[in-house]
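Please look through the structure below before reading on. The paragraphs that follow lead from one part to the next.

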Amino acid sequence: MKSWSISKNVFRRIRRDPRTLILVVLTPLFFILLYGISFSSTPKGLKLIVVNQDTGQASIRTEQVGRVNVPLNLGKKLIENLDHDVFTIVVRDDPDEARREVEMGEAWGALLLPPYFSNFLVSEALRRSGPREIDYNGQTINALPPLPPVNENNPPQPPTLILDNSNPVIAAGVYPAISKAFTGLIYEDESTLIDSSLMAIQPVYEKPITALDYTAPGVIGFAITLISIMLTSISIVRERTSGTLTRLLIAPVRAWEVSVGYMLAFLLIALFQAAELLLTSFYLFGIRFNGNPIWVFLIILIFSIGLQGVATLISTLAKNEFQAMQFILVILIPSIMLSGVFWPVETMPSSIQPIAWLNPLTHANAALRNVMLRGWDLSRIIPELSVLIGFAILMLILSIQSMKRQADTV
Amino acid sequence: MEKSVEAEGLSKKFNGFTVLDEMNLSVEQGQLYALIGPSGSGKTTFLRILCGFIRPDAGNIQVLGWRIPNFRVQSQLGYMPQETALYPDLTIMQNLEFFGELYDLPHDQVRERAEALLQLVQLENFKNQSIAALSGGMKRRVSLVVSMIHKPRLIVLDEPTVGIDPRLRVALWQYFRELTQQNISLLVTTHHMDEATRCHKIGLLSQGKLIAEGAPDELLKESGADSFDEAFTALEDRAKEVPA
C-alpha cells in the first residue's frame with residue numbers, strides 16, 4: 001500500500017506542477033500531430049512537365065474494313081488521368097527544354113509523349129491482348145494486332161519519362177503514380193495490359209498499407225520510450241537531489257515499494273499517453289488499425305515496465321538532471337535508430353542486426369505492428385511478448401537493486 | 001539506562017581517505033546530544049551510518065537496541081536532513097500527509113499531529129501554502145515537523161536551526177528539551193556553539209574521532225576555556241598533541 005501512497009504522491013505533484021502536466025498531456029499529442037502532418041506516404045504537388053506531341057490518331061488493322069484511323073487522343077487522356085494531387089502539371093512544347101528543366105532541378109520529372117503515342121499504345125495493347133472487338137462508327141469490328149514492323153530502322157517511339165532520381169523516396173513515388181494513369185486508358189476492364197508489369201499482385205492485406213501506417217506503430221513505441229524514460233528518470237533524480245528520497249528511504253518503506261510506487265504511477269501515465277497517441281493517429285490521420293486495442297495496451301504495459309526500470313537505472317547513474325538528460329540521449333538515439341521504427345532491421349548491415357535484435361524497442365515495435373497492421377491475435381505475438389516480459393522482469397529486478405543503491409548515495 | 005545510540009569503534013574510509021576513525025559515541029534514552037565538529041569532521045558520514053544508508057568498514061552500531069540496518073528502527077527514527085527535502089509543488093499539509101502515510105499513520109492522526117506541530121513552529125496559518133512559496137526558514141521548520149510527524153523515539157537533526165531566526169531558535173531548543181522529558185532522544189549536529197550549552201551532552205568530533213565528550217560545563221572545565229569556541233580549539237589542539 002505504501003507503493004500506492006508513493007504513486008498517488010507522484011500524481012498529486014504532477015497535478016500541481018503545470019510544466020510537468022503539460023509534458024505529460026501535450027507532448028504525446030504534439031509528437032503525433034507533428035509526425036502525422038509532416039510524414040505523408042504519398043508525395044504531393046510534385047512538379048511534372050508534360051510534352052504532348054501526340055497527334056491523337058491511331059491506325060488500327062481490322063478484319064472487316066482493312067486499316068482504319070481512329071481519333072483516340074490517348075496523350076490527352078493520359079494527362080487527364082494523372083493524379084492532380086500528386087503532380088503539379090506544367091505543359092511544355094519542346095522536349096529538350098523539358099529535359100533541361102529536370103536536369104536543372106526545376107521539376108521532378110518530364111513525361112514525353114511522342115507524335116504517334118496513341119498509335120503506339122494501341123498497337124502495344126493489341127500485340128499483348130490479341131484480336132479484340134472494338135466499337136467503330138457504331139458498328140462492332142474486330143481489331144487485329146499490328147504486323148511486325150517493315151522498317152526496323154524507324155520503330156515507333158515509346159513515351160519517355162525523364163526522372164530526377166536524386167531523391168529515392170520521390171522517385172519511387174513518381175513512377176507508380178504515372179503507371180497508374182495508364183490503366184484503363186484503352187480498355188476500362190483491363191488494368192495490366194499497358195502496365196509495365198504483367199504480374200498480378202495479390203496483396204495479403206486488402207486495403208493498401210501506406211508508409212504512414214507502417215511507421216505509426218513504431219513511432220508510438222518510440223514516443224512512449226522517449227517520454228516515459230525522461231519523465232521517470234528526471235523525477236527520481238529530482239527526488240534524490242532535493243533530499244526527499246532520503247526521507248522516503250529512511251521511513252519504513254522498502255526499496256521495492258519505492259520502485260513499484262514509481263513504476264505504477266508512470267505506467268498509468270504511459271497508458272494514458274498511449275491512448276492519446278492511438279486515438280489521435282486513428283481519428284486524425286486515419287492510421288490503419290486492424291487489431292484489438294487490448295493487445296496494443298498489453299504490449300505497451302509490459303514494455304513500459306522495462307522502460308521504468310531503465311529510467312531508474314539512469315537516475316542512479318546520474319548525479320543531477322543535466323547528467324540524466326545526457327544518459328537519456330546516449331541510450332535513446334541508438335535504440336531508436338536500431339529498432340526498425342523507420343527502416344526494417346532486415347535492411348541493416350548483418351553486423352549491426354544482432355544489436356537491433358537485442359533492442360527491446362525492436363520487439364515492441366514488431367509486436368505493435370503485428371497487432372495494428374496485421375490484426376494478429378495475442379497467440380501470434382507471443383514471441384515478441386516473451387522478449388518484452390523478459391526485459392521487464394530483468395529491469396524490474398535491476399531497478400529495485402539500484403533503488404537500494406540510491407539509498408547509499410543520498 | 002537504555003542507550004538510544006551506541007557506536008563502538010566505527011571506522012569508515014572513502015577512497016583510502018579516513019573519514020571515521022574508531023569513533024565511539026553513545027546517546028542515552030531521553031538525552032539531548034549535540035555533535036559538534038567542523039565540516040569534514042565526519043558528522044554527516046556518522047549520520048548516514050546511523051540511518052543505515054552506508055555500512056561502516058569496522059565497528060558496531062546499535063540504534064534503539066537493534067543492530068542496523070533494521071526495518072523496526074526505521075519506523076521509530078526521525079531524520080531531518082540538511083537539505084529542505086520537501087515537495088515544492090505540494091502544500092505543507094500535503095507533504096505532511098504523504099510522509100505520515102509512509103509510517104502507516106491513520107489520516108486523522110496525521111492531521112491532528114500536524115496541526116499541533118505546525119502551531120509549535122508558528123506555521124499553522126500556512127498549512128495550505130505550497131512549499132515553493134515559503135521562505136528558507138519556513139521550509140526548515142516544515143522539514144523539522146516532517147521528521148517528527150510519526151512520534152519517533154529517536155530524532156536525528158542535521159543542522160536544524162540554520163536559517164531560523166533567534167527567537168524561534170530559542171523556542172525550538174526549548175521544545176527539544178521538552179521532548180526529552182517524554183523519553184525521546186535527540187541527536188543534533190550544529191555549528192552554533194552557544195546552542196550546545198542547551199544540550200545534556202556534547203561530543204566534539206575532529207577528523208573522524210570523538211576527541212571529547214561530556215556535559216557542557218564539564219567540557220568547559222576540562223578545557224579551561226570561557227567559551228565553547230575556545231574550548232573546542234583547546235580540546236582539538238590537545239587531541240593533536242597526544243598521538244592516538
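In this predicted model, chain B has an average pLDDT of 88, and 98% of its residues score at least 70. The confidence varies among the elements of chain B: helix α3 (residues 92-102) of chain B has the highest mean pLDDT, 95, whereas helix α7 (residues 193-196) of chain B has the lowest, 78.

How is chain B divided into domains? The domain assignment gives domain 1 (3-76 + 152-241) and domain 2 (86-151) of chain B. Taken over C-alpha atoms, the centres of domain 1 and domain 2 of chain B are separated by 25 Å. The two domains of chain B also touch, since 17 residues of domain 1 are in contact with 13 residues of domain 2.

Chain B contains an open sheet of four strands, and the order of these strands is β2-β1-β4-β5. The pairing in this sheet of chain B is antiparallel. Which strands stand at the edges? They are β2 (17-28) and β5 (66-67) of chain B; each has a single partner strand, so one side of each is left without a neighbour in the sheet. The partner of β5(B) is strand β4 (residues 58-63) of chain B, and two bridges join this antiparallel pair. Within β5(B), B:Arg67 is the residue that stands opposite B:Gln62. A helix accompanies the sheet: helix α1 (residues 43-50) of chain B lies across β1 (3-14), β2 and β4 of chain B, and runs at about 120° to β1(B).

The next part of the account concerns chain A. This chain is divided into domain 1 (2-39 + 210-409) and domain 2 (46-182). The C-alpha centres of these two domains of chain A lie 53 Å apart.

Chain A also has an open sheet of four strands with antiparallel pairing, in the order β3-β2-β7-β6. Its edges are formed by β3 (67-71) and β6 (132-136) of chain A; because each has a single partner strand, one side of each is left without a neighbour in the sheet. From one strand to the next, the twist averages 55°. Strand β2 (residues 57-62) and strand β7 (residues 139-144) of chain A pair in the antiparallel sense over two bridges. In β7(A), A:Ala143 stands opposite A:Thr62. Helix α5 (residues 117-129) of chain A lies across β2, β6 and β7 of chain A, and the angle at which this helix runs to β2(A) is about 30°.

A residue in the loop between β2 and β3 of chain A is A:Glu63. Is A:Glu63 buried or exposed? A residue counts as exposed when its relative accessible area is over 50%; A:Glu63 has a relative accessible area of 55% and is therefore exposed. Not counting residues up to four places away in sequence, A:Glu63 touches A:Asn142 and A:Leu144. By contrast, A:Ile178 is 115 residues from A:Glu63 in sequence, and the two are 33 Å apart in space, C-alpha to C-alpha.

Strand β5 (residues 109-113) of chain A is mostly covered, with five of its five residues buried. In a regular strand, side chains alternate between the two faces of the sheet. In β5(A), A:Gly109, A:Leu111 and A:Leu113 point one way, while A:Ala110 and A:Leu112 point the other way, and all are buried. What are the pairings of β5(A)? Strand β1 (residues 46-52) of chain A pairs with β5(A) in the parallel sense over five bridges, and A:Asn52 has A:Leu113 as its bridge partner in β5(A). Strand β8 (residues 160-163) of chain A runs antiparallel to β5(A), joined by four bridges. Here A:Thr160 in β8(A) stands opposite A:Leu112.

The final residue to consider is A:Lys2, found in helix α1 (residues 2-16) of chain A. Why does A:Lys2 count as buried? Buried means under 20% relative accessible area, and A:Lys2 counts as buried because its relative accessibility is 10%. The side chain of A:Lys2 reaches the backbone oxygen of A:Pro252 at 2.7 Å. Leaving aside neighbours within four places in sequence, A:Lys2 is in contact with A:Pro252, A:Val253 and A:Glu257, and also with B:Leu102 and B:Asp104 of chain B.

Technical notes:
Residues numbered from 1 in each chain as written. Chains lettered and ligands numbered in written order. Predicted model: local features only at pLDDT ≥ 70, side-chain atom pairs only at ≥ 80, totals over all residues. Heavy atoms only, no water. Pairing = 2+ DSSP bridges. Axes fitted to C-alpha atoms, helices over the stretch in contact; angles between N-to-C directions. Contact = heavy atoms within 4.5 Å. Domains from an automatic or database assignment. pLDDT = per-residue confidence, 0-100. Buried < 20%, exposed > 50% of the residue type's maximum accessible area, 1.4 Å probe, protein only. Polar contact = N/O pair within 3.5 Å; in protein donor to acceptor, adjacent residues only side chain to side chain.
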